[in-house]
Amino acid sequence: DIQTICLDGDWPVIDQLSAENPDMPGDPEHMAYAIYTSGSTGKPKGVLIPHRAAINFLCSMAKAPGFTAEDTILAVTTLSFDIAVLELFLPLCVGGGCHIVSGDIAADGRQLADALIYSGATVLQATPITYRMLLEAGWKGDKNLKILCGGEALTRDLSDQLLSRCGALWNMYGPTETTVWSAIHQVHAEEQIILIGNPIDNTKIHILDTNFQPAPVGGTGELYIGGDGLARGYHNRPELTDERFVTDPFDAERRLYRTGDL
């Protein structure tokens, strides 16, 4: 009973339909998607992301690191990993290209290097493990390629190897609970320390001590993230939601996500 539209045979019918955007009633706080993450506990928990958070993220990514209708991203991420949101939806938002590779290709350095060439990709987003795999396979690089690296710490030795092979390298940081990436930084060769950088649009980051006060410069504190990227919470886990999504001590009307990262 499902209506099927055959793109290769139904154009006479499609051409007669309106080209205007359909009326899709919705609300920024309505759910966009849920992604399950184990975090450090090992027990899966569903993170509930509203449209407001996803749209804020995509609009910010289009500006920096930047993505236009002239760009093509090579999508290598499984759908169960939230960074796939950038790979699939950012090209749709700006009219760019997305070349999706299979899991077998994404897990093989030589095949992935070949895919970068024949896709004409200008952007690649992956974890450090994937980039090390590419380098070990003998990837020579592409000065027209923008590299986004996240998911775990970017080391100085890896960044040096990537910088010599790409046009631009960006370090990306963010937990699933604040919608993919919350802070970004363009890495340069002369930097001694690789930073996680500045918050993306409509995002605030605080480094707080155990009394929820700003940690002193040079001191250790826990990273708290607030702003439009915050998830609604965890699916059917109200106690865990209350534990990790706390009242902002600087604005009682807002919340902060407690990352656990120092």
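In this short talk I will go through the nonpolar cores, a helix pair, two sheets and a few unusual backbone positions of the structure above. Please keep in mind throughout that this is a predicted model.

Let me begin with the inside of the protein. In general, for soluble globular proteins, nonpolar side chains tend to be buried together. Here the largest nonpolar core has 30 residues, and those touching the most other members are Tyr-33, Phe-57, Met-61, Leu-86, Met-172, Val-180 and Trp-181. At least two residues of this core come from each of strand 1 (31–37), strand 2 (45–50), helix 2 (51–66), helix 3 (84–94) and strand 7 (166–173), and it is helix 2 that gives the most, with 5 residues. If you would like one residue to look at in this core, I would suggest Trp-181, which, leaving aside residues up to four places away in sequence, touches Phe-57, Met-61, Ile-83, Leu-86, Gln-125, Gly-150, Gly-151, Met-172, Tyr-173, Gly-174 and Ile-200. Apart from this core lies another one, of 28 residues, which includes Leu-112, Leu-158, Leu-163 and Leu-169.

Now to the two helices I have just named. How are helix 2 and helix 3 oriented to each other? They pack at an angle of about 75°, with their axes 10 Å apart, and because angles of 65 to 115 degrees count as roughly perpendicular, helix 2 and helix 3 are roughly perpendicular to each other. From helix 2 the contact is made by Phe-57, Leu-58, Met-61 and Ala-62, and from helix 3 by Val-85, Leu-86, Phe-89, Leu-90, Cys-93 and Val-94. Sorted by class, the residues of this contact are 10 nonpolar, with no polar and no charged ones.

Helix 2 also brings us to a sheet, since it lies across strand 1 and strand 2 and runs at about 70° to strand 2. These strands belong to an open sheet of 3 strands in the order 1-2-12, paired antiparallel, with strand 1 and strand 12 (233–234) as the edge strands. Strand 1 and strand 2 are joined by 6 bridges, and Thr-37 stands opposite Lys-45 in strand 2.

Further along the chain, 4 strands form another open sheet, with antiparallel pairing in the order 10-11-14-13. Its edges are strand 10 (203–208) and strand 13 (245–248), each of which pairs on one side only, and neighbouring strands are turned by 35° against each other on average, when direction is ignored. Strand 11 (residues 222–227) pairs with strand 14 (residues 251–258) over 3 bridges, and the bridge partner of Tyr-224 in strand 14 is Arg-258. Strand 13 is joined to strand 14 by 4 bridges, Val-246 stands opposite Leu-256, and a hairpin leads from strand 13 to strand 14 through 2 residues.

Finally, a few words on the backbone. As a rule, most residues other than glycine have a negative phi, and most peptide bonds are trans. Against that background, a cis peptide bond joins Ala-64 and Pro-65, with omega about 10°, and Pro-65 is found in helix 2. Val-180, a member of the largest core, has a positive phi, near 65°; Val-180 lies in the loop between strand 7 and strand 8 (183–187), and is buried, with a relative accessible area of 1%. Asn-202 also has a positive phi, near 55°, and is found in the loop between strand 9 (198–199) and strand 10.

Terms used
Residues are numbered from 1 along each chain as its sequence is written. This is a predicted model: local features need pLDDT of at least 70, side-chain atom pairs count only at pLDDT 80 or more; totals for chains, interfaces and linings use all residues. Side-chain values use heavy atoms; hydrogens and water are left out. A nonpolar core is a set of buried Ala, Val, Leu, Ile, Met, Phe, Trp, Tyr and Cys residues joined through side-chain atoms within 4.5 Å. Buried means under 20% relative accessible area, exposed over 50%, partly exposed in between (1.4 Å probe, protein chains only). Contact means heavy atoms within 4.5 Å. Two strands pair if DSSP finds at least two bridges between them. Axes are lines fitted to C-alpha atoms, for helices over the stretch in contact, and angles run from 0 to 180 degrees between N-to-C directions. Angles under 35 degrees count as roughly parallel, over 145 as roughly antiparallel, 65 to 115 as roughly perpendicular and the rest as oblique. Ala, Val, Leu, Ile, Met, Phe, Trp, Tyr, Cys and Pro count as nonpolar, Asp, Glu, Lys and Arg as charged, and the others, Gly among them, as polar.
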